[in-house]
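Let's take a walk through this one together, helix by helix, with a few stops at charged pairs along the way. Have the model open and follow along.

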Amino acid sequence: MSRRIRAALRAGARGAAERPAVFLLAVATMSAGLLVLGAYLLVVANLRGVLARAGADLRLVAFTELHAPANDERVAALAERMRAQEGVGEVVYVSPAQALERLRADLGSDAGVLEGLERNPLPGSFEISPPADVRDPARLRALAAKLEALPGVTEVRWGEPWVEGYAKVVRIAEWVGVGLGAFLLMVLGAIVSSTVRLSLHARADEIQIQRLVGAGGWFVRLPFCLEGALQGMLAAVLALVVLRAAFAAGLPLLGDALSWVLGGRPAVFFGSLESAALIGLGVALGLGGALASLVNLDERG
């Protein structure tokens, strides 16, 4: 570590020690903002897992005029033509006999109403799984139209209202996240910037002396940048600790409700990568706020 860096670190630590109330207030305020942002990101991360699993269950159902078993050559040929279409993943054929068995299972104790049927009225169908990048309404609509145009296909259903709702939920979650994140970033950056300005005023004489002895601009700025980065790092660590404690305390109390909301999937906390990213965000915020307040340092003379 160079002598200048060590000197800047000592100056930054001295600045924090000389104004502990201001320093701690800035850390606490930033931590509160990062706590709100972290809680929202934690909710979104858990909901995205639910949405991803729901999206994986999405199927297009192409009904066919073929009342044939799965080993029929015409079924195999039509399945092959479907697989040749862009945006088609797995294709599974459900024969009329299998469809009747599914209906009988769904009816349960009322399955006796099917006993009087003279013939199986249910058509054969193909269940088509689209890849993840095709699960938006526009692309699914186009894929359904292409499948419906194939000879032997009578109708394609893909749960358009559900897919529209699914896509809308994902868009809302993403836009709310962008808006909330941008707002909090501006607020937290302003907090750090104000704190650094207070430090500038308090150390005006020291800065003046440094300039008189020929100190460069970055030599003067570096302690304030390090102080801002330290504030951001401490705030992010504090936010993570509080969020983890709240998560651990709230999980037993809200276990049943969370399990219902998440479709039986257990709630999960941030992994090491997400935690490191939040700490990195705190450091970047502190550093950015400090740099913003030091832009006109030379003009302040």
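**Charged pairs and helix faces**

E80 and R83 sit three residues apart in helix α3 (residues 73-83), so about one helical turn separates them. Keep in mind as we go that this is a predicted model. In general, an α-helix has 3.6 residues a turn, so residues three or four places apart point the same way. Here the two side chains form a salt bridge, with the closest N and O atoms 3.7 Å apart. R83 counts as partly exposed, at 41% relative accessibility.

That pair has company: a search of the whole structure turns up five salt bridges. Another one joins D72 to R74, where the closest N and O atoms are 3.1 Å apart. Its two partners are covered to differing degrees: D72 is buried, because its relative accessible area of 18% falls under the 20% cut-off, while R74 is partly exposed at 49%. Move along to R157 and E155, whose side chains also meet in a salt bridge, at 3.0 Å from N to O. E155 is partly exposed, with a relative accessible area of 31%.

Now for the helices themselves. Helix α4 (residues 96-107) has 12 residues and reaches 16 Å from its first C-alpha to its last, close to the 16 Å expected at 1.5 Å a residue. Which residues of α4 are buried? They are P96, A99 and L100. These cover an arc of only 100° around the axis, which puts them on the same side of α4. What covers them includes β2 (91-94) and β3 (124-128). Just after α4 comes G108, with a positive phi near 60°.

Helix α5 (residues 137-148) can be read in a similar way. Its 12 residues should span 16 Å at 1.5 Å a residue, and its end C-alpha atoms are indeed 16 Å apart. Buried in α5 are P137, L140, L143, A144 and L147. Looking down the axis of α5, you'd find these buried residues within an arc of 125°, so they line one face of the helix.

Further along, stop at Q208, which has its place in helix α7 (residues 204-212). Q208 is partly exposed, with a relative accessible area of 35%. Its C-alpha is 9.6 Å from that of V220, 12 residues apart along the chain.

Last stop: helix α8 (residues 217-261), which holds M233. M233 is partly exposed, at 34% relative accessible area. Together with L230, L234, V237 and V241, M233 forms a nonpolar patch on the surface, with about 370 Å² of accessible area in total.

Technical notes: Residues numbered from 1 in each chain as written. Predicted model: local features only at pLDDT ≥ 70, side-chain atom pairs only at ≥ 80, totals over all residues. Heavy atoms only, no water. Helix = DSSP H or I, 4+ residues; strand = E, 2+ residues; numbered from the N terminus. Expected span 1.5 Å × (residues − 1). Buried < 20%, exposed > 50% of the residue type's maximum accessible area, 1.4 Å probe, protein only. Arc of directions from axis to C-beta. Contact = heavy atoms within 4.5 Å. Patch = residues over 30% accessible without salt bridge, like charges linked within 9 Å, V, L, I, M, F, W, Y side chains within 5 Å. Areas by Shrake-Rupley, 256 points an atom, 1.4 Å probe, with all protein chains shown as cover. Salt bridge = Lys/Arg side-chain N within 4 Å of Asp/Glu carboxyl O.
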